[in-house]
2 protein chains.
Amino acid sequence: MITSPSSLRRSERSRRATLDAALELCTEKGYGRVTVEAIAARAGVSKKTIYRWWPSKGAVLLEAFTEALVGATPFVDTGDIAADLRTHINGAVRLMSTAPYGPAYAGILSEMHHDDDLAAAVRDQLVGPRVEGAVARLRGAQEQGQIPETADLPLAVEMLYGPVYYRHVLRKPAQDEATVASLVAHVLRSLGAGE
Amino acid sequence: MITSPSSLRRSERSRRATLDAALELCTEKGYGRVTVEAIAARAGVSKKTIYRWWPSKGAVLLEAFTEALVGATPFVDTGDIAADLRTHINGAVRLMSTAPYGPAYAGILSEMHHDDDLAAAVRDQLVGPRVEGAVARLRGAQEQGQIPETADLPLAVEMLYGPVYYRHVLRKPAQDEATVASLVAHVLRSLGAGE
């Protein structure tokens with residue numbers, strides 16, 4: 001199929017408008033009251049267009065949340081694994097405690113429990129790549145001798161992210177930067193780093 | 001008010017029947033399709049009776065889940081903090097990955113995000129007392145010299161429970177006993193225990 005440059009541009013514009021509309025509606029009405037119909041009306045696209053690209057409103061909001069998360073939590077490598085993990089986790093905590101992203105993600109996590117396709121999408125598009133990225137950054141620190149070679153890196157990722165999810169789903173106050181710093185220090189210590 | 005022994009017995013019987021009915025319906029229909037009406041019909045009590053004791057179906061299921069969790073995760077003290085934490089966390093993991101308890105709790109966690117009263121009840125009736133119990137058990141280990149006096153016990157509790165919630169809400173396979181043992185060992189090491 002041949003696609004003209006202008007139709008490609010229009011597609012990206014529609015995609016962006018759809019994601020923005022979904023996030024706006026989530027802020028205004030709460031996740032539960034957002035509909036594909038309302039997203040389409042706000043974005044100025046047809047429902048058919050939305051369903052061509054996404055299977056559900058949850059999928060639209062997942063893409064919007066994932067883009068924001070990827071932007072907010074880069075895996076930087078300054079050569080200091082503790083500092084880089086603090087930067088990364090602080091970015092995730094901030095996004096998850098900011099509207100519309102936090103409430104949108106809470107809605108996605110709820111819907112996952114009765115939408116198997118959405119559950120698979122969350123794991124494949126969001127969680128899987130982020131865990132891989134975190135493990136890769138930790139492996140870099142291993143190669144630089146900052147973490148022992150025998151360390152269980154996937155467990156470390158769960159120990160870092162677990163408390164963030166724990167507070168998010170229980171609607172407890174999000175971690176402040178001092179708590180994140182302490183968490184990161186504890187996780188690195190648990191791996192035998194810096195000893 | 002004077003209450004006769006037989007009416008007290010009847011109340012406890014009704015309470016138990018209500019909790020059991022709610023759990024059964026959760027297994028059969030899924031959390032979202034359970035109604036107070038159906039719970040009342042199954043339990044053989046009136047809707048009015050249910051609403052006298054609980055504000056919502058979420059509150060009924062919270063009480064049922066909390067009772068099961070308290071039964072499944074005692075804070076034993078054998079004098080070995082690592083063994084006791086393994087026992088405790090394995091109990092929580094098993095319950096949260098068993099129907100109807102796991103799906104019921106997933107439903108409660110979802111509903112918490114748009115029911116402030118339920119959110120407060122989860123924190124006050126379930127999470128708060130369990131965190132206090134865990135901190136008390138860890139303090140006992142401090143007094144026995146198994147954990148340094150300066151250890152951050154609330155952080156330790158979040159590091160233990162965080163990964164359990166993380167897998168539960170993301171619908172990842174629950175931890176097996178070897179993973180729980182490794183998690184407990186890592187958390188204790190992060191506190192400087194046994195060094």
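The exercises below, each with a worked solution, concern a predicted model.

**Exercise 1. Helix α5 of chain B**

Determine how the reach of helix α5(B) relates to its expected span, whether its residues are mainly buried or exposed, and which residue caps its N-terminal end.

Solution. Begin with the extent of the element: α5 of chain B runs over residues 81-96, which makes 16 residues. From the first C-alpha to the last the helix reaches 22 Å, and this is close to the 22 Å expected at 1.5 Å a residue. Next consider burial, for which the cut-off is a relative accessible area under 20%. Of the 16 residues of α5(B), 13 are buried, so the helix is largely enclosed by the rest of the structure. Finally, look at the N-terminal end, where Asp80(B) acts as the cap, with a side-chain oxygen 3.1 Å from the backbone nitrogen of Ala82(B).

**Exercise 2. Aromatic pairs**

State how many aromatic pairs there are over all chains, and then describe the geometry of the pairs Trp53(A)–Trp54(A) and Tyr105(B)–Tyr165(B).

Solution. Ring centres must lie within 6.5 Å for a pair, and planes over 60 degrees apart count as edge-to-face. By this rule there are ten aromatic pairs over all chains. Trp53(A) and Trp54(A) form one that is edge-to-face, with 5.6 Å from centre to centre and 75 degrees between the planes. Trp53(A) is partly exposed, at a relative accessible area of 33%, whereas Trp54(A) counts as buried at 5%. Tyr105(B) and Tyr165(B) also make an edge-to-face pair, their centres being 6.0 Å apart and their planes at 70 degrees. Because Tyr105(B) lies in helix α6 (residues 101-111) and Tyr165(B) in helix α8 (residues 153-169) of chain B, this pair ties together parts that are 60 residues apart in sequence. Both Tyr105(B) and Tyr165(B) are buried. As a last step, note the cluster that ring pairs build from Phe65(A), Tyr105(A), Tyr161(A), Tyr165(A) and Tyr166(B).

**Exercise 3. The surroundings of Thr66(B)**

Place Thr66(B) in its helix, decide whether it is buried or exposed, and identify its contacts beyond its neighbours within four places in sequence.

Solution. Thr66(B) belongs to helix α4 of chain B, which covers residues 57-72. Its relative accessibility is 13%, so Thr66(B) counts as buried. A polar atom of the Thr66(B) side chain lies 2.7 Å from the backbone oxygen of Leu62(B). Once neighbours within four places in sequence are set aside, Thr66(B) is in contact with Gln125(B) and Leu126(B).

Notes:
Residues numbered from 1 in each chain as written. Chains lettered and ligands numbered in written order. Predicted model: local features only at pLDDT ≥ 70, side-chain atom pairs only at ≥ 80, totals over all residues. Heavy atoms only, no water. Helix = DSSP H or I, 4+ residues; strand = E, 2+ residues; numbered from the N terminus. Expected span 1.5 Å × (residues − 1). Buried < 20%, exposed > 50% of the residue type's maximum accessible area, 1.4 Å probe, protein only. Polar contact = N/O pair within 3.5 Å; in protein donor to acceptor, adjacent residues only side chain to side chain. Phe/Tyr/Trp six-rings, centres within 6.5 Å; stacked < 30°, edge-to-face > 60°. Contact = heavy atoms within 4.5 Å.
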